[in-house]
Structures are given as C-alpha cells and as structure tokens.
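The following exercises concern one protein structure. Please work through each task before reading its solution.

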Amino acid sequence: MKDDNQIIYALNQLIGEDIFQYNDLVHTLYVLNNKGELLGDLKIKENDRRHVSLEKIFPLFRKVKLLEKKVQYFQSEIGWTYFTPVQIGGLVENYLVCLFPHSGNRQLMQFLTILADLLSTKLQTYRSVASDFLASKYQRQLCGNFSEGYMTINREGFIMYLNQPGSKILGIQPEQVIGQKIWDHIESSNRVLDTLITGEGWIDQEVFVKTRKGRLHLVDTVVPLISEYDEPLGVLILFKEIKSMRKMVNDIVGSRASFQFDNILYQSKEMDRLIQMAKMAAQNDSSIMIEGESGTGKELLVQAIHNYSNRRNGPFVAIDCSSIPRDLVESELFGYVEGAFTGARKGGRMGKFELANGGTIFLDEIGEMPLEMQARLLRVIQNRTVTRVGGHEQIPIDIRIIAATNRNLEAEVNNNNFRLDLYFRLNVIHLSVPSLRERHNDIPLLIQAFLEKATKREGKKIPLLSHEAMNLLEQYSWPGNVRELENAIERAVVLSGEVIDLEHLPERLLRLNILKEKHQADVIVQSKEPAGVQNLKRIENLAIIQAVRECNGNITLAAKQLGISRTTLYKRLRQSDIKSKPDLRFVQK
C-alpha cells in the first residue's frame, strides 16, 4: 500500500498553512513508519545546510518503546534525536523525527506533540471521508438500481456496500456481509485486493468464484479508488453473471428468433402435419433434426419451435456450418482463452455454444461440418460442457440443439461423411419440411403474402396478377422452393406497373416452361386456336426471344439452350412477331 504518501501529503499541507512560521526549533523533519523505515524528509527552513547521516538515526529507533505514545529522545554523536508518534485510530502508524542540540526541550516537545495531533486528525479525516464515500447513501441511490452487481470494499478488505442485484447474484444478504471481510464470503478475492498494491484494475474479465451459493461464472470490472494524494482508499467492483452477458451480446450481434408458428403460411395437409409435430417437439428439450431442400424455410420453423418452447426467453444462436472457415470452426463454436493462438483477442472470447446457454442453438447445414469437429460436438452433447481452445476449464452449458440439412444424412453416414453416433444424438426427433411442389395448394396464399410484403417495402399499390402469369406461377416446379417464389414476386413488383404479366416474371420460368412443353413446339398456331394454345404460343415466343438475346444472336447456342434444332428455332422466329425488335434483325427470313 502507499501509506508513505499519506503522511507526506498531510505534512506538506501543514507546511503550506504556515504552521512552522513561528518555530525556530525544527529545521528538517524525517518521517518513519512504525517499522523504522524512512518514508521521506521535509526541509522546514530553506537555509538549513546541515547534512545528517541517516544511518546514524536508524539504530536509535531500536530504543524507541513502540507502545509509548509520547515524545521520546535519545543522544548520539550527532546530537539529540526526538521521536514523536503519530496515532491513527489509537494505533501508532508513523514517527516524526528531528534533531536538536539539547535534551528534553519542553517547547520543542510541545510543538512536536501538537504537530502529531494535527497530522492524526488530518489522516483520520481522510480515511473517514473514504469510508463515508464507500458506504454513503448517495452511492446507494446511484447504484441501487443497477442491473449489475455493485460492491465496494475498503483498504482493509471490509465490505462497505453491496446492492440488491449483487446480493441476488452472490446469494448473500447485504446486512449479513457489510462490515465483514470479503474473503469470508467470496473465495478467490485476493486478486481484487492486490489492486490496492498495484493500482491497476481491469474491465470485463471472466472469473470463477466460490460462494455459499456455489461456483459462479462472472464477468467483473475492478476499479481501485485512489485519493488525490495517491493513497489507496478501497476497491469498486461491478459484476454480472456470464449468462446475462451472453444474452446482452446475443441481443446486439446474435441471431433473433422473431418467427412464430402463426407467421408460417400454409393450407396444405402436408404442412399442417409438420406444424403439429413441431409444436409437440417444442415442448421438450430433445434434439431435433430437420431435413428439407434449400429454400423451404427450415430456419423459420426452428425459430417458431424456439419461441413455442419454455426456452423462449433464452438466447437463440444460429450457426451456418457451411460458412465458417475450416480452421476457425473450433474457436467459433467453443471459444478460446487469451493467448490460445496468434491473433487471439486479449481476454479470450466466448464461443457460440456459451452464447446460447439457457436457450437454443441452431446448427444449419450440419452435413457440412468437418468430421474432426463432429467428434468434438458429440462430446459437448454428451457432457453438456465446453472447453475453450487453449483452456482447461470445463464450462457447463444448458442448451437445446436443433440441426438442419438439405442433404440426406443417412446416405452421408453410409459414405463415411457423417458420424453415425452423432446422427443418432441429433436425430431424436425428425422433421421433414415438404418442398413447394409437394405443397402446391399453398402457392396462391404465399404469392399474396409476398405481394403485400414487396409492395409495402417499395411503397407501391398491390398490382393485379394476370391469368397467364398466375397459371405459370402455379405450374412451375420451383426448385428453389419458397425462397425462389419470394424472389420472383419481388422482381415482378419492381418491374411491373398496375398488372404483373408474363414479361415481368424471371426468364428461367419462361424457358423451363417452354422446354417442358417443347413437344408442342411444331404445332402450327392458327388465329382461331383455343385460348390455352394461344397462351402457350405467347410463352414460347417470350422464351425464344429471351434465349436469343442472352446468346447475343447466336442461333446455334440459343437452340441448344432451348433444346430444339436450329431449323425449328428459325421456324419459330419467322412465325413470331419480332419484325419490330432491333436486336433480332440478324434473323434470316
């Protein structure tokens, strides 16, 4: 501790108050602690040129009766040395030492006694102010409503204040611990008191402490309180449970589970069966495996399950296993300690599994996870603990795992690309999301919803959908499923006016439709043909025009794309009304 600064500072204040102006007895004061160690010396008179060998003063301290609280003086070859005790709280902490040519000078002894009393009063006032601050009512008003725990301890390690959130976190009542030593209630508190010596605290570091409540995983900030004369007054500690930190981080940068089952639009029996099974699965903590093609809405289903479960108030963390670089998978999922590898962040970092503690972790594209990480994941599921990269501490976690894939994991197991034991661990409850072509009855409902969503974002009125466009949207196979349908509707809204027609739909819809119907490509269309055939002709013409444009007029390449011969393509171009299209004037007649 820096007690030496305390009395030196107080003496300098007294000198500044001219307390020595009428004193001609003391020229230099030496300050010792109660162990006889020199803390400093102060020249009272600037013209004092006497030089004293301190080695001749220190042996005299052995003669001082430490229990006596009065001025003591001893003779030596350098004259008479006076030792004056300075008491704080009834205990002698320091000695004022001065030299004088005569023994027992009453005037000098009175002056030294008054000076020691003044110092004692000042030092006692400093410490009282510090204690009053550490336990003040203003502090209680300021910190009582903090969401974090807040504690102050004085320089001796006595707890001076503890707010209610801190009491709840530690499992101890303020009235039971205030005025008691911190280490009587919290183990591993020595490091906190070390800050009084070093003067260096820390911000948001993870700690494990033992209390009567049990072993706690906390994040704390420790601030040493230093007076204006560089004396340690105490320590201020802010702390919170790691799970609240995880939730805060997740709220800021993590995934959010915003979808409910009511947000999933459907009217088909296939989807109804899936939703009912998912609601039942949500009521327990068993692992869930969801399979389905890309774009079917697997993550929306996962979010709905989370929000329907008893973990709805916990974090929701989504991880795309296909997007994490292979060499970073372990540190991303399980975190790392400080110094675990080159470039590791100071203080370490929590992994995704820790962030998900108390909630749900969604492992999307689980089939893309490397085999070596599958073994590590299996141990986490079995032990319900994680160990950070480079660390040894096993951190308990309480999570519910939901995995999803667009692969056939049984086939991946047979091909030795996925562990059989992990597959069974994850596949406790199996849900299969139907493709859009398997829930054909839901297409009109989804189209209407996407129209409303896109027009609201664009600030437009909902356009009408032509009969031809609606027929094509319903007949298309939608390999990209719901995601592809939403993108097609958004494009049509952006490009159209009051009516969405065939030309506003993506070219791939027109092209794939004409390929599907190419066996009718040689049918000669007459002006009196039925309406359905006329619609087909219009679709064919649009697909042909688009194909030739995309191939920059290369008829051979366009015919290959359309799956027809060059002769048939020329025939279709001649029969099409394209004379007014300048980018097709190269077509031979």
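Four exercises with worked solutions follow, all based on a predicted model.

**Exercise 1. Overall make-up**

Describe the protein chain by its secondary structure, burial, contacts and accessible surface.

Solution.
1. The secondary structure consists of 22 helices and 19 strands.
2. The protein chain has 589 residues, of which 48% count as buried.
3. Among contacts with a separation of 6 or more, 61% are between residues 24 or more positions apart.
4. The protein chain has an accessible surface of about 30,600 Å². Carbon and sulfur atoms account for 49% of that surface.

**Exercise 2. The second largest pocket**

Determine the volume of the second largest pocket and characterise its lining by position, element and residue class.

Solution.
1. The volume of the second largest pocket is about 710 Å³.
2. There are 28 lining residues, and those closest to the centre of the pocket are F259, T296, G297, L300 and V482.
3. Two or more lining residues come from each of α9 (269–282), α10 (298–308), β13 (360–364), α16 (443–458) and α18 (481–495).
4. The element that gives the most to this lining is α10, with five residues.
5. Sorted by class, the lining of the second largest pocket holds 14 nonpolar, six polar and eight charged residues.

**Exercise 3. Cavities and cysteines**

Establish how many cavities of 30 Å³ or more the whole structure has, describe the second largest cavity, and state how many disulfides are found.

Solution.
1. Rolling a probe the size of a water molecule over the atoms shows where empty space is left.
2. The search of the whole structure gives two cavities of 30 Å³ or more.
3. The second largest cavity has a volume of about 40 Å³.
4. Its lining is formed by I319, C321, I324, V329, L333, M369 and P370. By class, these lining residues are seven nonpolar, no polar and no charged.
5. C321 has a relative accessible area of 8% and is therefore buried, the cut-off being under 20%.
6. C98 is likewise buried, because its relative accessible area is 1%.
7. A search of the whole structure for disulfides finds zero.

**Exercise 4. The setting of S287**

Locate S287, decide whether S287 is buried or exposed, and list its contacts beyond its neighbours within four places in sequence.

Solution.
1. S287 lies in the loop between α9 and β11 (288–291).
2. The relative accessibility of S287 is 6%, so S287 counts as buried.
3. With neighbours within four places in sequence left aside, S287 is in contact with I401, R425, L426, V428 and I429.

Note on methods. Residues numbered from 1 in each chain as written. Predicted model: local features only at pLDDT ≥ 70, side-chain atom pairs only at ≥ 80, totals over all residues. Heavy atoms only, no water. 1 Å grid on protein atoms, 1.4 Å probe; cavity = no way out; pocket = protein on both sides within 12 Å on 5 of 7 lines; lining within 4 Å. Points joined across faces, edges and corners; volume = space filled by probe spheres on them. Helix = DSSP H or I, 4+ residues; strand = E, 2+ residues; numbered from the N terminus. Nonpolar A, V, L, I, M, F, W, Y, C, P; charged D, E, K, R; others polar. Buried < 20%, exposed > 50% of the residue type's maximum accessible area, 1.4 Å probe, protein only. Contact = heavy atoms within 4.5 Å. Disulfide = S-S within 2.5 Å. Areas by Shrake-Rupley, 256 points an atom, 1.4 Å probe, with all protein chains shown as cover.
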